[in-house]
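Visitor: I would like to know what stands behind the terms used for this model. Please take me through them one by one.

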Amino acid sequence: MSHFSKGPGDAAGPATDLILGIVIVLFSLLLLFWIIPAQVNDAGAFGLPPSLAPRALAWLMAGLGAVLIAGNLQHGGDDPLAGKLTWQDTGHLALCILAVVLMLIVMGVVGDVIGRPYSGFWIGAPLGLIAFTLIHTRAPLWAYAFNALAAPAVIYAGFWWGLELPLP
Amino acid sequence: MKHSQTLAFAAAIMASAAPAWADFPEKPVNLVVGFRAGGGSDTAARILATEMEAALGQKIIVENRGGAGGAVATEYVRAQDPDGYTIGFAVATTFSFTPLTGSVAYTPEDVTFIATTHGYRTVMAAPADAPFDDWAGMLDTARERGWINYASIIPLDRAIMQYVGKKEDIAVNIVPTRGGAGARQAVLGGHVDLAFSGSNALPMMEDGALKIVAALNPEGIEEHPDIPTLDGLGYGVSAAEAAVFFGPDDMDADALAMLESALAKAVQSDRFKDFVNNKFRGFETFKTGSETAEGITLDAEAYRDLLDFISE
Amino acid sequence: MDIIFAAMLDALSLTTFLSVVLGVMIGIVIGAVPGLNAPMAIAVAIPLTFTMAPLAAIGMLVGVMKGGGFGGAIGAILLNTPGEPHSAATTLDGHPLARGGKPRKALQTALYSSVAGDSCSDLVLILLAPTLAVFALRAGPVELAAILVISLTLIASLSGRSLTKGIFAAALGAFLATVGVDPETASPRFTFGQVELFDGLPLAAVAIGVLAVPEIILRLQEGRRHRPEATSVVTPSEGDDRLPFREFLTLRRTVFRGAGIGTAIGALPGLGTTLAAFLSYAATKRFSTAPEKLGTGATEGIAATESANSAVSGANLIPLLTLGIPGNLTAALLVGAFLIHGVTPGPLIFQRDTSLVYGLFAAMIMANVMVLIIGSLGLRVFALIVKVPPFVIYPIVLLLCVVGIYVSQGGFFAVGVMLTFAVLGFFMLKLEISIVCFIIGLVLGPMIELSIRQSVILLSRNPAAIFDHPFALVLFAASPFVAWLLIRDRNRLSDG
C-alpha cells in the first residue's frame, strides 16, 4: 500500500484505483450523511420517498468503492485494469478549463458593458481561441491568425445571420 | 437618421397610446422566453415578437431560458436593467402559484407586468372506456371502489385534486408524471382513471379517444358548453392560466407604455388570432399590465386558501 | 386508396421537394457541428416554417429531423464529439475506424445503416401506425419499469474492462440525474437553491461536457506531449477507404436487428433513442461472430447503433401522430410544429387530415432518399475534416461547444455545467471509468425511478393487481437470469 491522499489527481502509478476506491467511499458517505439529508425533503410523498433512489445509489456506490479497495489490496496494488492519471494530466486539464472560464468572463463582462449582441463574443472569442491554440503549443503562426479571426467570423455569420441566436 | 425614422414611425402608430416624445426603443429589445424553444408557448411568443417588431420599429431578439415553469426566465429578467430593453414571457402561475410553493426567491411584486396576451385552457380527461361519462359519475366510481387513480402534471393541478378529494371525501391516488406526454399516455392507455391535460386533449376528445369531464379554467370550453367548470360544479377553485409579458421591477414608464400598446396591437393580428383559436386552442384575452397584476394578486390569494385547506 | 395516392402525388411538388432538401441540409450541418444537435436544429427550424405552406413546412422539419440524425453521427465519428447521448454509442466503433484511416468507410456505414433503419421504421409507421399505437398503449408504468430493468441488465455488458467501475459509473450517472424538482412531491432535490437546476441538469450540456470536451482537451494535450509528426491524427486513404455496397450487405443482419429494436423502442413512448442505440449495440456484441472486434472500429458496431437510433425517429411518429405523445425531445418539438401547421394528432388523424398525413409520409420517404444523396455527396467533404491539423480544429471545436451550449441550453449556467462535467469526464477517461455507462445511467436512471414509483402508487391500494401484468412479471423474473448469463459470458470471454 502506498501513500494516502484525498484528490484523485495525487496518485500516479499502480495504486490509482485504491485511491479512487477510497475517494468513492468518502464521497458516498458524504452524500449519505450530509448532502442527501440536507438537500432532499421527503415531506408530501405518497409512494416511495424522493430520497430512496439517491440513498440506494449512494449505498451502491459506497459498496462498489469498497470492492475496488478490496480488489486492489488483494492484487497487492498492482491491478492491470487501473487507469493512469498523472500530475501533468491534471495540470493540463486545469489550464484548459481556466482558459475557457477566462474567455467566458471576458465575454460576460464586455457583453454586459456594451449591451449589444455579440460585443462580448467579438472580444472574448479570438482571445479564447488564441489561448486554446497556445495550449496545443505546436501550431504555426498562421493557425493563430486563422483561429482568431476566421473562426469567430464563421460562427458569427452562422449563429447570428443564419439562425438569429444571440450571444453576449 | 435611423433614430428619427424610428421615432416618427413609432409615434405615428402609437400616437394615442404613448407620449409623442417617447423615444423608446432606440435599440433591439431582448425577449426572454421562459419555455423551451419549439413548444406552443414559445411559438406564441415568437409570433407576438414578429408582430411587435412591426409596431415598435425595432428588432426583437428572442432568447429561450426555459425551466421550472418560467421561473428561470423570471429570475434572469428581474436581475436586468429596468430600461425596457429586456423583457420576459412566462405564464400567470409562474407568479401566482410558484412563489407559494416556497421554492423560488421572487414574488409577484418583484416584476413589472406588461400585459396578458392569451389564455390557456386546461381540462380533466378520462379514458374512453372509463366506467363513467361525467364528473358525478367519476365521483361515484371513486366512492364505489374506494379510490381513484389520477395522473398529475404540475403542483397546481395536484393541489386542486387534493382539494376535491378532501371536499368529496374520496381517496385520490396521485400518480406523478413528467410533462403532459406522460399523463396523456397514462390516460389513453387506461392506466389511470383521470388525468390533467392541456387544450391538446380537445381534438383527442373530438376523435373519441378520451372523455373530458371538467374544465379547470374559469371560462370553460366555449365550443363544448356541456363540459362543466370546476367553478360551476361548486368547488370555487380554478386554474387560471394565461401568457404574461413582464419586465424587471420599476420598469421605465415610457417603455412600459410603448410595449403594452405594441402588444395590444400584436394580439389583434390575424396570424396570432388564428394561432390561439385554431392551433393552440386557447382563448383570446388581453389585459393591460395593471389588470394583469391585479388578477395575479387575486389568483395568488385563492391558491393560498386552497393550499391552506388541503394542508389542514 | 385513391385519396392516399393523390395525397402522396400532391406532396411531390417542387416546393415540398426543395423544402425537404433545405431541411436535410440544415439538419446535417447543425447535427454535425460539435456542441449542437438534432433537437437544436428542429428548434431553430420551426420559426423558419411559420410562413410556409403546411406541407412544405412539415417536409422541411422531417428533413431536419432525419438530416440531424445523420449529422450527429458525423461529429461523433470524425471528432469523437457526440452532441447527444445516443451518439456516444456511435463513437464506440465509429471513431476508432475513422482514426484508423478509414473515415469515409465509417461515415458510409453510418449513412447506409441510418437510412436503412429509417426506411424500415417509416414503412412500419405507414402500414401499421394505428394498430401499433393501440398495442403500445397497453404498456403502462409497470411494463415500462420491467422493460427498462431488463434493458439495463443487457446493456451492463458494455461496462468496459472493469465491471465494478462500470456499475459505479452508471450509479453515479443515475444519482446525478435525480437533481431537480422531484416529480412526486414537487420539492427540489440537490438543487442547492439554484432555480436553473429545478428541471434537472441540462442533459445536452452534461453529455457534451462529459463526452466531447475531455476528448478535445486530450487532443490539445497531444500537441504538448509528442513530436509534431506523431500528432497527425489520421493518415487517410491508406488501404481502401470505402464501403462497397456488397460489404454493406454483409451487415444486413445487424442493420435489421437494429431497425427492429429501434422501431419497437420508438413505438413505446417514453423510452427513447439512447436505450435503442445501446440495446442494439449490446445485442450485436452478444450475437456477433467476432465480438472482440467491437469497440475497435468494427463496421458492425456503427451499423448497429445508427440503424437503431434512426429507426426510433420514424417509429416515434406512431405515438406522436395517433396519440399526441412524443417519444423524445425531437418528437416533442415536432408536435408543436405539427399543430401550428394544422396536423392535429389523434386516433382519427388518418381520416381527418388525410392529405397532410400522407403528404407527411411522402415527405419522409423523400427525406430518406435526400439524406442518402446529400450524405453521399457530402462524404468526401466531411471526411476532409480529419485532415485539418489538430491545432486548428480542436480550438475551434472547443469554442463551438461553448457557444452551442450557451445558445441552446440557456446561458452561462449551462456552460458552467458543461465545464464541470468536462473535468469529471477527463478524470473518468484517465481512470478508465466507463463514460458510456455513466451516460446510460444518466438517461435511464430517472426513467426507471419514475416508472417504479408510479407502479408502486398504482398498486398501493390493490397489490394483487400486479398479476394483471404478466408480461412485466416475466421480464422481472428473467432479469437475474439474464444478468447471470451475461456475467458468465463475460468471464468466459475475458479468460480467452
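Guide: This is a predicted model. A fair place to begin is strand β5 (residues 123–127) of chain B, which is joined to β9(B) by five bridges, the two running antiparallel.

Visitor: What makes β5(B) and β9(B) a pair?

Guide: Pairing requires at least two bridges between two strands. Five bridges join β5(B) to β9(B), so the requirement is met. In one of the bridges B:V123 has B:A215 of β9(B) as its partner.

Visitor: Which sheet do these strands belong to, and in what order do its strands lie?

Guide: The sheet is open and has five strands of chain B, in the order β7-β6-β8-β5-β9, with mixed pairing.

Visitor: Why are β7 and β9 of chain B called edge strands?

Guide: β7 (172–176) and β9 (210–215) each pair on one side only. On average, neighbouring strands of this sheet are turned by 30 degrees against each other, direction ignored.

Visitor: What packs on this sheet?

Guide: Helix α7 (residues 179–188) of chain B does, touching β5, β6 (148–152), β7, β8 (194–197) and β9 of chain B. Its direction makes about 150 degrees with that of β8(B). From chain C, helix α21 (residues 435–460) lies across β6 and β7 of chain B, at about 165 degrees to β7(B).

Visitor: How do you know which side of helix α5 (residues 135–145) of chain B is the buried one?

Guide: The buried residues include B:W135, B:M138 and B:A142. They span an arc of only 55 degrees around the axis, and therefore lie on the same side of α5(B). Their cover includes β5, β6, β8 and β9 of chain B.

Visitor: What makes B:A136 and B:E144 exposed, and where do they sit?

Guide: A residue counts as exposed if 12 or fewer other C-beta atoms lie within 10 Å of its own. B:A136 and B:E144 are exposed, on the face of α5(B) turned away from its buried side. Just after this helix, B:G146 has a positive phi of about 110 degrees.

Visitor: Why is strand β3 (residues 86–91) of chain B called mostly covered?

Guide: To be buried, a residue needs 20 or more other C-beta atoms within 10 Å of its own. Six of the six residues of β3(B) are buried, so the strand is called mostly covered.

Visitor: Which residues of β3(B) point one way and which the other?

Guide: B:T86, B:G88 and B:A90 point one way, B:I87, B:F89 and B:V91 the other, and all are buried. In a regular strand the side chains alternate between the two faces of the sheet.

Visitor: What are the partners of β3(B)?

Guide: Strand β1 (residues 29–33) of chain B runs parallel to β3(B), with four bridges; B:V33 has B:F89 as bridge partner. Strand β10 (residues 242–248) of chain B pairs with β3(B) in the antiparallel sense, also over four bridges, and there B:G88 stands opposite B:F246.

Visitor: How many residues does each chain bring to the contact of chains A and C?

Guide: Chain A gives 56 residues and chain C gives 53 residues. The residues on the side of chain A comprise 40 nonpolar, 13 polar and three charged.

Visitor: What is the confidence in chain C, and where does pLDDT stay under 50?

Guide: Chain C averages a pLDDT of 83, and 93% of its residues score at least 70. Residues 227–238 of chain C stay under 50. The model scores ipTM 0.81 and pTM 0.82.

Conventions
Residues are numbered from 1 along each chain as its sequence is written. Chains are lettered from A and ligands numbered from 1 in the order in which they are written. This is a predicted model: local features need pLDDT of at least 70, side-chain atom pairs count only at pLDDT 80 or more; totals for chains, interfaces and linings use all residues. Axes are lines fitted to C-alpha atoms, for helices over the stretch in contact, and angles run from 0 to 180 degrees between N-to-C directions. Two residues are in contact if their C-beta atoms, placed from the backbone, lie within 7 Å. pLDDT is the predictor's confidence in each residue, from 0 to 100. Ala, Val, Leu, Ile, Met, Phe, Trp, Tyr, Cys and Pro count as nonpolar, Asp, Glu, Lys and Arg as charged, and the others, Gly among them, as polar. The arc is that of the directions from the helix axis to the C-beta atoms.
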